[in-house]
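This report describes a structural model in terms of fold composition, dimensions, burial and charge pairing. The sequence and coordinates are shown first.

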Amino acid sequence: MEKFEVIIAGAGLAGLAAAYTLASQGTEVLVLERGDYPGAKNVSGGRIYLNPIRGLFPGLFDEAPLERFIVHEGFSLLAKERAVTLGYSGDELRKEPHQSFSILRSKFDRWFAEQAESKGAMLLNKVRVENLIEEKGRIVGVVAGGDELRGDVVVICDGVLSLLSEKAGLRTAPLPKNYALGIKEVIKITKEAVDERFGLQGNEGAAHLYAGEVTKGRFGGGFIYTNLDSVSLGVVIGIDALLKHEELDAPAVIDSFKERPEISGLIRGGETVEYSAHLIPEGGYDAVGKLYGEGVLAAGDAAGFALNIGFTVRGMEYALASGCYAARAILQAKEGGDFSSRGLSVYRNILEESFVLQDLRNFREAPRVIDNPRFFGHYPEMIGDIMKDVYGVPEGPKERLYLTVKRRLSLKELWAIFMDLRGVMKI
Amino acid sequence: MSDESRLKVKLGLDVFKPLKEPHIKIRPGMEKDGRLRPALRICPAGLYTERSDGGISLSIDGCLECGTCRVGCGSDVLDWNYPDGDAGVQYRFG
């Protein structure tokens, strides 16, 4: 029977970050990936924030196959017949080091795997980890591709569904309210068309989020991120919303989004080259599972590390960081020769001191605050109506602006806005 | 183009390797269970269809392995697994 120091299930960002960090320190590590290559089963909306993780992987991302650095942020409220948009760009976004990049995971993960392999990590593709081997209450290896493989410690990085975390007793069956479905198309248009339509030059990129009618006023939204010569366009719908509201039909949601006049011009003449779907952890801090057990750790989406605060939706840097921290915890446990849960508990401490659990804790209320039907249904329509009146020039005389706006903001409405803002203050 | 054929065209863009056996199965006797009904709407690949007898059937080809049905319908009605290695969707962009 084969024995390794560390076995990692899943060559996504968390698994590869753990492998890269461990192999760099001379630890023997085997990564098992069920796809034909790392990234083959991975989907992301497509933007990563590098600031919090540059220090964990010094210099590594300078050569990474990233698409564009984001210099334009956009947020639109989509009403049924109109849209109101807020845009932001600034010199700070154009200056190096750039904070955020668009990214295509198949390309990126393959490259990252090569970096880990160059440090000495072993990677086995096309092998699914079917089960964990447990002996005397302790995980001592995995069953993969029908073979038993033993390790001092197993790192579970099998992604958002994390069937392995359930088997290890780190998580219970998933609750719909803690997940959203992301559906995405990669649409090829030329680099020139991306530059012109989004007002970009060189490697500058744009990111635009949409809320409201995209999901028929339910929890979720739409996004467009510019890649080099394509755009990643997609929708996100809370599984709870999807279950409850029969008017929502998942495949149709992305089609109606593409048909919106605000969107159709941006992708005109484009050719869809891939259609993908993936789940997203949306539960925040309260949905994070147990992070370690006897001989086992979990990192990335498998641990539930993701954060949606409306304007930014993040997961990849948490995966990269938690993979790296899992590796550091293992290195410490190795020094003490103790891979029991006591030896591995340092993982939690490292995470608590890092941006990973501090972000999740700071924004602990975000999932509950954001899951407010008024944000997705009422405000897009109301703000759209106000804009219609403010910008409109009627045949006859135009009403005073104050009265125009006041008409839409009754006392009852102002009170409801006040209550919503009280919720927002918790974020 | 109908919604259904539009979805078929999209799935046709993806690279799929043949599945030796279905990795997701409706548990025997659960075809008419209420918890399975949302699968008709929530599967982004539209793989669940209603039979003439009111039961629901699943045709696995084109599965994007997202897990929406697992989370939405639950393990009481679905026996859910990832496919073995060397099978299923292989994303080229991700």
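The sections below treat each chain in turn and then the salt bridges.

## Basis of the report

The structure is a predicted model. Every value given here is therefore computed from predicted coordinates, with local features requiring a pLDDT of at least 70 and side-chain atom pairs a pLDDT of 80 or more.

## Chain A: composition and dimensions

Chain A contains 16 helices and 19 strands. Its C-alpha trace extends over about 85 × 45 × 40 Å along the principal axes. The radius of gyration of chain A is 23 Å, which agrees with the value near 22 Å for a compact globule of 427 residues.

## Chain A: burial, contacts and charge

Of the 427 residues in chain A, 59% are classed as buried. When contacts in chain A are restricted to residues at least 6 apart in sequence, 72% of them join residues at least 24 apart. The exposed area of chain A is about 17,900 Å², and 52% of that area comes from carbon and sulfur atoms.

Chain A carries 51 positive and 59 negative side chains. The centres of these two sets are 5 Å apart.

## Chain B: composition and dimensions

Chain B has three helices and six strands. Read from the N terminus, these elements follow the order α-β-β-α-β-β-α-β-β. The radius of gyration of chain B is 13 Å, close to the 12 Å that the globule rule gives for 94 residues, so chain B is as compact as a globular protein of that length. A box of roughly 35 × 35 × 20 Å, taken along the principal axes, is filled by the C-alpha atoms of chain B.

## Chain B: burial, contacts and charge

Buried residues account for 50% of the 94 residues in chain B. Among contacts in chain B with a separation of 6 or more, 65% involve residues 24 or more positions apart. Chain B exposes about 4,300 Å², with carbon and sulfur atoms supplying 52% of that area.

The charged side chains of chain B number 14 positive and 14 negative. The centres of the two sets lie 3 Å apart.

## Salt bridges within chain A

Over all chains, the structure contains 46 salt bridges. One of them pairs Glu81(A) with Arg82(A), at an N to O distance of 3.7 Å. Glu81(A) has a relative accessibility of 67% and therefore counts as exposed. Another salt bridge joins Arg150(A) to Glu148(A), with the closest N and O atoms 3.6 Å apart. Arg150(A) is buried because its relative accessible area is 18%, under the 20% limit. Glu148(A), at 38% relative accessibility, counts as partly exposed.

Arg408(A) and Asp385(A) also form a salt bridge, their closest N and O atoms being 3.7 Å apart. Arg408(A) lies in helix H15 (residues 401-408) and Asp385(A) in helix H14 (residues 373-391), so this pair ties together parts of chain A that are 23 residues apart in sequence. Arg408(A) is partly exposed, with a relative accessible area of 29%, whereas Asp385(A) is buried at 17%.

## A network of shared partners

Some salt bridges share partners and thereby join residues into one network. The members from chain A are Glu185(A), Asp255(A), Lys258(A) and Glu259(A). Those from chain B are Asp3(B), Arg6(B) and Lys10(B).

Note on methods
Residues are numbered from 1 along each chain as its sequence is written. Chains are lettered from A and ligands numbered from 1 in the order in which they are written. Side-chain values use heavy atoms; hydrogens and water are left out. Helices (H or I, at least four residues) and strands (E, at least two) are DSSP runs, numbered from the N terminus. The radius of gyration is taken over C-alpha atoms; the globule rule is 2.2 Å times the number of residues to the power 0.38. Buried means under 20% relative accessible area, exposed over 50%, partly exposed in between (1.4 Å probe, protein chains only). Contact means heavy atoms within 4.5 Å. Accessible areas come from the Shrake-Rupley method with a 1.4 Å probe; for residues, only the protein chains shown count as cover. Lys and Arg count as positive and Asp and Glu as negative; His and the chain ends are not counted. The place of a charge is taken as NZ of Lys, CZ of Arg, CG of Asp or CD of Glu. A salt bridge is a side-chain nitrogen of Lys or Arg within 4 Å of a carboxyl oxygen of Asp or Glu.
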